[in-house]
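Hi,

Here is the structure I promised to pass on. Have a look at it first, and my notes follow underneath.

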Amino acid sequence: DVERSRGLGDVYKRQSWYTLNFQLRYKFFKELEATIAIENIEDAHYKQFASGISAPGRNIIVGLRGVF
């Protein structure tokens with residue numbers, strides 16, 4: 001939510017927010033690594049500063065990386 005007050009100029013005050021994220025990597029071998037990450041665990045609704053677009057909700061990312 002945005003609070004607005006009038007005075008010498010318009011002043012906008014945004015509420016602060018945070019996201020709780022988790023990432024785990026496991027190396028099976030020198031050449032093989034797995035990753036799992038969860039972003040925005042609490043599924044918080046927020047907008048980046050000066051953006052009218054809502055940030056994505058909870059994300060789950062799974063990856064596997066191999067080096068040959």
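Let me start in the loop between strand 4 and strand 5, where you will find D43. (Strands here are DSSP runs of E with at least two residues, and helices are runs of H or I with at least four residues, both numbered from the N terminus.) The phi angle of D43 is near 55°, which is positive although the residue is not a glycine. With a relative accessible area of 41%, D43 is partly exposed; the classes are buried under 20%, exposed over 50% and partly exposed in between, using a 1.4 Å probe and protein chains only. N40 belongs to that loop between strand 4 and strand 5 too, and its phi is also near 55°, again a positive value outside glycine. N40, however, counts as buried, because its relative accessibility is 4%.

Some housekeeping before the rest: this is a predicted model, so local features need pLDDT of at least 70 and side-chain atom pairs count only at pLDDT 80 or more, while totals for chains, interfaces and linings use all residues. Residues are numbered from 1 along each chain as its sequence is written, and side-chain values use heavy atoms, with hydrogens and water left out.

Now the overall picture. The protein chain has 0 helices and 5 strands, so there is no helix to look for. Of its 68 residues, 10% are buried. The chain exposes about 6300 Å², with carbon and sulfur atoms supplying 56% of that (Shrake-Rupley areas, 1.4 Å probe; for residues, only the protein chains shown count as cover). Among contacts with a separation of 6 or more, 28% are between residues 24 or more positions apart; contact means heavy atoms within 4.5 Å.

There is an open sheet of 3 strands, in the order 3-4-5 and with antiparallel pairing (two strands pair if DSSP finds at least two bridges between them). Strand 3 and strand 5 (59-66) are its edges, each pairing on one side only. On average, neighbouring strands in this sheet are turned by 10° against each other, ignoring direction; the axes are lines fitted to C-alpha atoms, for helices over the stretch in contact, and angles run from 0 to 180 degrees between N-to-C directions.

Strand 3 and strand 4 are antiparallel and joined by 7 bridges, with a hairpin of 2 residues connecting them. Y26 sits opposite A34 of strand 4. On the other side, strand 4 and strand 5 share 8 bridges, also antiparallel, and I38 faces I60 of strand 5.

How well covered is strand 3 (residues 22-29)? Hardly: 0 of its 8 residues are buried. F29, in strand 3, is exposed at 55% relative accessibility. F29 and G66 lie 37 residues apart in sequence, but their C-alpha atoms are 9.4 Å apart.

The structure has 1 aromatic pair. The ring centres of Y26 and F28 are 4.9 Å apart and the planes meet at 75°, so this is an edge-to-face pair. (Rings of Phe, Tyr and Trp, the last by its six-membered ring, pair with centres within 6.5 Å; planes under 30 degrees apart are stacked, over 60 edge-to-face, the rest tilted.) F28 is partly exposed, at 44% relative accessible area.

Finally, T35 in strand 4 (residues 32-39) is buried, with a relative accessible area of 19%. Beyond its neighbours within four places in sequence, T35 touches Q23, L24, R25, I61, V62 and G63.

Cheers
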